[in-house]
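Here is a short briefing for a reader new to this structure. It covers the surface, the cores and one buried histidine.

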Amino acid sequence: ALKKMGVKAQTCEDGSVTCTLAGAATYEHSLFLDALQEFIEPIQNPRYLLERRSVFWRLRRSDFHAVPSPLGKRKESAEYLLSRWRKYLGAADLVYTRSAEGRQALIRARGRSMSQKLQPRSERVSCWK
């Protein structure tokens with residue numbers, strides 16, 4: 001069943017992007033949309049964060065993404081997401097937020113995501129096709 005599933009992304013004329021999980025049952029589709037929404041929206045209180053560091057003209061910058069809760073329940077699942085991220089998107093680190101150092105990273109991540117709260121949020125739309 002997993003081999004029949006695939007992520008379909010499409011860019012619309014207005015610049016927005018739509019994503020769907022093709023070949024999935026309603027439950028898997030809903031789980032996918034929940035995880036995607038948690039990943040792209042401002043950070044709340046995830047168990048793990050993905051931290052992506054970059055340097056832009058001597059300025060060091062860290063961007064954070066919440067590991068969606070279905071993947072963050074087990075360390076192995078979060079590490080698998082990290083391995084896929086590294087393979088397809090580049091360098092990143094996994095941060096466990098339930099430690100002292102991880103809580104500091106979570107506070108930094110939330111502070112940086114405050115600016116995201118001023119941006120338009122993602123919109124989840126379920127429709128029949």
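A patch is made of residues with over 30% relative accessible area and no salt bridge, where like charges are joined within 9 Å and nonpolar side chains (Val, Leu, Ile, Met, Phe, Trp, Tyr) within 5 Å. A salt bridge is a side-chain nitrogen of Lys or Arg within 4 Å of a carboxyl oxygen of Asp or Glu. Accessible areas come from the Shrake-Rupley method with a 1.4 Å probe, and for residues only the protein chains shown count as cover. This is a predicted model, in which local features need pLDDT of at least 70 and side-chain atom pairs count only at pLDDT 80 or more, while totals for chains, interfaces and linings use all residues. Residues are numbered from 1 along each chain as its sequence is written, and side-chain values use heavy atoms, without hydrogens and water.

**Surface**
- F56, W57 and L59 make a nonpolar surface patch of about 490 Å².
- W57 is exposed (over 50% relative accessible area; buried is under 20%, partly exposed in between), at 76%.

**Cores**
- The largest nonpolar core (buried Ala, Val, Leu, Ile, Met, Phe, Trp, Tyr and Cys residues joined through side-chain atoms within 4.5 Å) has 9 residues, including F39, Y48 and W85.
- Its largest share, 4 residues, comes from α3, a helix (DSSP run of H or I, at least four residues; strands are E, at least two; both numbered from the N terminus).
- A second, separate core has 8 residues, among them L49 and F64.

**H65**
- H65 lies in strand β4 and is buried, with a relative accessible area of 18%.
- Beyond four places in sequence, H65 touches (heavy atoms within 4.5 Å) F39, I43, Y48, L49, L50, R52 and W85.

Technical notes: Buried < 20%, exposed > 50% of the residue type's maximum accessible area, 1.4 Å probe, protein only.
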